[in-house]
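Subject: Structure handover

Hello,

Here is the structure I promised to pass on. Please open it first, then read the notes below it.

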Amino acid sequence: MNEKKSLLKNPSVQAILTSLLCVVLGLFIGYIVLLIINPSGAGKAIQTILMNFMMRSSPAARLKALGNTLAKTAPLLMCALSICFCYKVGLFNIGAAGQYEMGACLGLYAAIALKMPWYVCLILAAIGGALLGAITGFLKAYRNVNEVISGIMLNWIALYVTNTILSGEKTKDIASPYTLKLSSVNKGGLIPSFGLDKLFSNNSTVTIAIPFAVVAAIIIWIILSKTKFGYELKATGYNKQAAKYAGMRENRNIIVTLAIGGALAGIGAAFLFLTGYQEWSVTQSSVPSMGFNGIAATFLGGLHPLGTILSSFFIQNITDGGALIDKSIYPSQISDLISALIIYFCGFVLFFKLQINKFIAKKEERNKAKEIMAAEGGDKK
Amino acid sequence: MDTPYAIEMLNITKRFPGIIANDNVTIQLKKGEIHALLGENGAGKSTLMSVLFGLYQAEEGIIKKDGKEVKIKDPNDANDLGIGMVHQHFKLVQCFTVLQNIILGVETTKNGILQMDEARKKVMDLSDRYGLSVDPDALIEDITVGMQQRTEILKMLYRDNEILIFDEPTAVLTPQEIKELMQIMKNLAAEGKSILFISHKLNEIMEVADRVTVLRRGKYVGTVDVKGTTQEELSRMMVGRDVQLVVEKEPSHPKDVVLKIENMTVASKVHNNNAVKNVSLEVRSGEIVCIAGIDGNGQTEFVYGVTGLEPLVSGKITLCGQDITNAPIRERYKEMSHIPEDRHKHGLVLDYPLEYNMVLQRYFEPDFTSKSGFLKKKEIRGYSGKLEQDFDVRSGQGSVTIARSMSGGNQQKAIIARELDKEHTLLVAVQPTRGLDVGAIEGVHRHLIEERDNGKAVLLVSLELEEVMNVSDRILVMYEGEIVAELDPKETTVEELGLYMSGAKRQGKEA
Ligand SMILES: Nc1ncnc2c1ncn2[C@@H]1O[C@H](COP(=O)(O)OP(=O)(O)OP(=O)(O)O)[C@@H](O)[C@H]1O
Ligand SMILES: [Mg+2]
């Protein structure tokens, strides 16, 4: 009894509980929407969304589908880490999407046009993202421009810069809107698998990017919670004036934070486009959703770098699962809707936490009252 | 059932993680009296008042209003019962006018349109009646702390509150403003309002309060009539031992010049004029030099200039023989410790635990960070624990307590501990005893004198005349950004000091 109570009070347990609550509520409302559109297929559709790769017929196909989901989880996780890292330092890096675009831009250009090996492309992608992040950081630190505003604007600027650069004849055929396939122009530009693909029914998009992203999450966690560097960055995020008073270079810290966030998002792009999973379309006129889904993964992950590993997988899983829903009954946007609902409920994370704490307090009070009553009763006897 | 009490808080117990902030405390407020609440830092005064105002719920005990038991679940309930509170940190909307702030939440509207004229009339009536002069159309961000406080008081009166709570209202006021506030409180009591008043300043309590209730470490010690007691007795009740209100010290023996400031000019953030104008001074090792003055005469900017928080317009600063005029802050801190004026703005990262705040100036040293850049958490905790012990910093959960949840005085003590323990030759202490209890003040004054006797140079900036007179070896009076007098505390009087501070007198110009 006592143990159970203290377990509920544990902040990590609370974080996990609230995240689960968000998920359940999101799914529930999603289910109601599905019921309204067409009651007969709702149960099946929810099941499909959640089970995703498990819905495939053969074990081999399941593994392959799981591989696809994991391959897309890696870039999502990097974007989530970008946002999570900046958030811990008091900055809302909505510009992750733009940094991701810059990563794709430099990474793909280096791989396709310059035929560089993958690790060089990866580094360039990181630099691309970092530069864009640093611009936002610079504006914030020295011009007091809100990072959300400049981030959103840079998202669009970076999108069209990327489209323009990758439209060149070195990176794209005139006939197609997509950049050239890496597997045909520069195999060395593909992130290697080192045998991981074999585990997933020869899914060549399963690469070392996946373990890499997980390692990145662990590193970010260590930096934030255990190092001097993290101590400085968080102090700056909590109280810029106090950081200045303590002799930290608070403006530099803001720029460094956003540059690191940018590098993470840039690497995220490399983790998608350098695996051959997808090509960049130079005609796209909306900011890629990866950066925004990263926000959702950050919050669902309880604002904890390690939590984002699970939440990124979960969000990618329902996104992929949603694509499998019977399109003859439901519109294809339904999976987006459900993930959006879950994300929306993530906004209530704090509210749920408060409710849990209130619940605990009430219960304790009642127990104490009981104890007192019991004690008094005992006295009378 | 007729009772003489407006409010009774009976056997209140309030717990926080690791600490019983109020342990079976009883306080009874008579109608029309000014009742002071006295206790050491962390004794539970703010907590008790927050319970009355509905910010916290007590686990045990009852509250009675006019003899009838009431439940106060939130500040709205408190307001309905006529209870108002002026918090130590004001809760005003910076970009609203005084009038807008006063009526916020209780606006009168007709067809959804604000009726400001009526409100204005009522506010002006109240303002005249109690001598609370405010400019109703001024923005909060532009007015003095004193006027902000009068706005808070008007806010309570506008809501027809009968029971007024003041949590350390005088900590941020100038002596003149304090005098005015005392008068206002007396007027309010004469009108039949009942007042609860928290202060660490015994002379204020002796002057305005009728009765005083003393708390110690969350427990009720007693309630006494102010007429039948003395400051010494009160401090004994509250600390549990005799307190020396004036710390004894030997004459100073100044040696080498540690800090030399030549023609320093610092810009002002508020107006176009410079806040500090062409100031030159020296501080030697083994002496305590005090910058005295009325708040807002450039002391804040002067300290910013010395410590590097603001760049100089012109001038030169030399510390221990090195030119630090343009040196980065950390460079300066090799020889300098700095107790900042605003503990929430500069002194603490409120969301960090106490232990992280204790190493805010030293976290990068090899003692606390390994070569590979990892924090040595065990060493940090050990060090923090030692400082807490040595400087009697009290908190609910020790080193891991989040700084925000600590009592104001204990936050201050943590900063003092950190800055005194750190390596330094010069100590810059700005209002170091603001918000401290008499026992803690005695401790800080002792520390300052000990510093001096150990050959450190101490630059003290204080608004408290008594502190200036008791602790310093040399007084420099600052008026409108200039040093207008240098005085010897043994030869001058509080009255003379006051003349220089108010600009009525000025050395070198009389002749
Ligand atoms: N919100 C909170 N959470 C946890 N502990 C708290 C909280 N508020 C106060 N405390 C603890 O309760 C104790 C009493 O604090 P309180 O602020 O009432 O002291 P105080 O008498 O007003 O002191 P001071 O003179 O320094 O302002 C302190 O030890 C403090 O750390
Ligand atoms: Mg207090």
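What follows is a short tour of the ligand site, the domains of chain B and a few single residues.

First, a caution. This is a predicted model.

**The ligand site**

Start with ligand 1. Its shell holds 19 residues. The closest are Gly42(B), Ser46(B), Thr47(B), Ser407(B) and Gly409(B).

Three polar approaches deserve a look. Ser46(B) places a polar side-chain atom 2.7 Å from an oxygen atom of ligand 1. The side chain of Tyr56(B) has an N or O atom 3.1 Å from a nitrogen atom of the ligand. Ser405(B) uses its backbone instead: a polar atom there is 3.2 Å from a nitrogen atom of ligand 1.

How much of ligand 1 does the protein bury? Taken alone, the ligand exposes 640 Å², and the protein buries 88% of that.

Three elements of chain B give two or more residues each to the shell: strand S2 (19-30), helix H1 (45-52) and helix H14 (408-421). H1(B) gives the largest share, with three residues. By type, the shell has six nonpolar, ten polar and three charged residues.

**The domains of chain B**

The domain assignment splits chain B into domain 1 (7-239), domain 2 (244-335 + 426-433 + 455-511) and domain 3 (341-423). Which of them line the ligand site with at least three residues each? Domain 1 and domain 3 of chain B do.

Those two domains also touch each other. Nine residues of domain 1 of chain B are in contact with eleven residues of domain 3 of chain B. Their C-alpha centres lie 31 Å apart.

**Two buried serines in chain B**

Look next at Ser337(B). Its place is in strand S18 (residues 336-339) of chain B. Is Ser337(B) buried or exposed? Its relative accessible area is 0%, so Ser337(B) is buried. Its side chain reaches the backbone oxygen of Glu419(B) at 2.6 Å. Leaving aside neighbours within four places in sequence, Ser337(B) is in contact with Glu419(B), Lys422(B), Glu423(B), His424(B), Leu426(B), Leu427(B) and Val428(B).

Then go to Ser399(B). This residue sits in the loop between helix H13 (377-391) and H14 of chain B. Ser399(B) counts as buried because its relative accessibility is 11%, under the 20% cut-off. A polar contact of 3.0 Å joins its side chain to that of Glu388(B). Beyond the four nearest places in sequence on either side, the contacts of Ser399(B) include Pro353(B), Leu354(B), Arg381(B) and Ser384(B).

**Two residues in chain A**

Ser312(A) belongs to helix H15 of chain A. At 0% relative accessibility, Ser312(A) counts as buried. Neighbours within four places in sequence aside, Ser312(A) is in contact with Thr73(A), Leu76(A), Leu77(A), Ala80(A) and Ala297(A). Try Leu70(A) as well: 242 residues separate Ser312(A) and Leu70(A) along the chain, yet their C-alpha atoms are 9.5 Å apart.

His304(A) is found in the loop between helix H14 (290-300) and helix H15 (305-323) of chain A. Its relative accessibility is 32%, so His304(A) counts as partly exposed. Leaving aside neighbours within four places in sequence, His304(A) is in contact with Cys84(A) and Trp221(A). Asn163(A) is 141 residues from His304(A) in sequence, and their C-alpha atoms are 34 Å apart in space.

**Two positive phi angles**

Most residues other than glycine have a negative phi. Two loop residues are worth checking against that.

Asn144(A) has a phi near 55°, a positive value. Its loop runs between helix H6 (118-143) and helix H7 (147-166) of chain A. Asn144(A) counts as exposed because its relative accessibility is 63%.

Glu480(B) has a phi near 45°, also positive. This residue lies in the loop between strand S21 (474-479) and strand S22 (482-487) of chain B. At 43% relative accessibility, Glu480(B) counts as partly exposed.

That is the tour.

Best wishes

Note on methods: Residues numbered from 1 in each chain as written. Chains lettered and ligands numbered in written order. Predicted model: local features only at pLDDT ≥ 70, side-chain atom pairs only at ≥ 80, totals over all residues. Heavy atoms only, no water. Near = heavy atom within 4 Å. Polar contact = N/O pair within 3.5 Å; in protein donor to acceptor, adjacent residues only side chain to side chain. Areas by Shrake-Rupley, 256 points an atom, 1.4 Å probe, with all protein chains shown as cover. Helix = DSSP H or I, 4+ residues; strand = E, 2+ residues; numbered from the N terminus. Nonpolar A, V, L, I, M, F, W, Y, C, P; charged D, E, K, R; others polar. Domains from an automatic or database assignment. Buried < 20%, exposed > 50% of the residue type's maximum accessible area, 1.4 Å probe, protein only. Contact = heavy atoms within 4.5 Å.
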